[in-house]
Amino acid sequence: MYRVLSAHNRSDSEYLNLRALLETSDSKTRFSIHYCDSYRWDKLHAEYLKNIRNVELFAYPEGGHGIAKHLRDKGLLESMLLKALQMP
C-alpha cells in the first residue's frame, strides 16, 4: 500500500482519514454510510463522519459488522443499490 500512496505523493494519513478527505472534497457525489448501531466500532467510525456535507448515515439495530449481508438477507440491499444508482 505504501508504494501506491508514494506514487501519488500522498501520505498514509491523508488517505486513511476519511473525514478529512470528505470534508475537503468538492465532489457532487453523495455518500451513504450504512452501519449497525449496536456494533460499537462501526458505530464509532460512522459517527466520526457525522455532519459532513454529502454524507448521510443510516443506522440499523441489527446486522453487526456484516451489515451488507444482513440487508441482502432481508431483501433490502438490491433496491437500495438501484435507488443509489438512480435505476428503476
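In this tour, a helix is a DSSP run of H or I with at least four residues, a strand is a run of E with at least two, and both are numbered from the N terminus. With that in your pocket, one thing to know before you click: this is a predicted model.

**Stop 1: the whole chain**

Start by colouring the protein chain by secondary structure. You should find six helices and two strands. Walk along from the N terminus and the elements come in the order α-α-α-β-α-β-α-α. Of the 88 residues in the chain, 18% count as buried.

Now switch the colouring to pLDDT. The chain has a mean of 86, and 81% of its residues reach 70 or more. Select residues 2–7 next: this is helix α1, the element with the lowest mean pLDDT, 51. Where pLDDT is low, the predicted coordinates should not be read in detail. For the other end of the scale, pick helix α5 (residues 67–73), whose mean of 97 is the highest among the elements.

**Stop 2: the two strands**

Select residues 31–36 for β1 and residues 55–60 for β2. Which way do these two strands run? They are parallel, and six bridges join them. Try picking out some partners. Click Ile33, and you'll find Leu57 as its bridge partner in β2. Then click Cys36, which stands opposite Tyr60 in β2. To see how the chain gets from β1 to β2, add residues 40–47: the path goes through helix α4, making a right-handed β-α-β crossover.

**Stop 3: two asparagines in a loop**

Stay with the stretch that follows α4. Select Asn51, found in the loop between α4 and β2. Its phi is near 65 degrees, a positive value in a residue other than glycine. What makes that worth a click? Most residues other than glycine have a negative phi. Now select Asn54, which is also found in the loop between α4 and β2. Asn54 has a positive phi too, near 70 degrees.

Are these two asparagines buried or exposed? Turn on the surface and check. Asn51 has 72% relative accessibility, so it counts as exposed, the cut-off being over 50%. Asn54 comes in at 15%, so it is buried, because that is under 20%.

**Stop 4: Gly64 and Ile67**

Move on past β2 and select Gly64, in the loop between β2 and α5. At 19% relative accessibility, Gly64 counts as buried. Draw a line from its C-alpha atom to that of Ser38: the two are separated by 7.0 Å, although they sit 26 residues apart along the chain.

Next, click Ile67, which belongs to helix α5. Ile67 is buried as well, with a relative accessibility of 9%. Its C-alpha atom is 7.3 Å from that of His34, and those two residues are 33 apart along the chain.

**Stop 5: the empty spaces**

Rolling a probe the size of a water molecule over the atoms shows where empty space is left. How many cavities of 30 Å³ or more does a search of the whole structure find? Just one. Its volume is about 30 Å³. Select Leu22, Ser25, Ser27, Thr29, Phe31, Arg53 and Asn54 to show the residues that line this cavity. They divide into two nonpolar, four polar and one charged.

For the last click, go to the largest pocket, which holds about 400 Å³ of space. Select Arg30, Phe31, Ser32, His34, Asn54, Glu56, Phe58, Leu77, Met80, Leu81, Lys83 and Ala84 to light up its lining. The elements giving two or more residues to this lining are β1, β2 and α6 (77–84). Which element gives the largest share of the pocket lining? That's α6, with five residues. By type, the lining residues of the pocket divide into six nonpolar, three polar and three charged. Before you close the viewer, spot Phe31 and Asn54 again: both appear in the lining of the cavity and in the lining of the pocket.

Note on methods. Residues numbered from 1 in each chain as written. Predicted model: local features only at pLDDT ≥ 70, side-chain atom pairs only at ≥ 80, totals over all residues. Heavy atoms only, no water. 1 Å grid on protein atoms, 1.4 Å probe; cavity = no way out; pocket = protein on both sides within 12 Å on 5 of 7 lines; lining within 4 Å. Points joined across faces, edges and corners; volume = space filled by probe spheres on them. Nonpolar A, V, L, I, M, F, W, Y, C, P; charged D, E, K, R; others polar. Pairing = 2+ DSSP bridges. Right-handed = clockwise from strand over helix to strand, strands pointing away. pLDDT = per-residue confidence, 0-100. Buried < 20%, exposed > 50% of the residue type's maximum accessible area, 1.4 Å probe, protein only.
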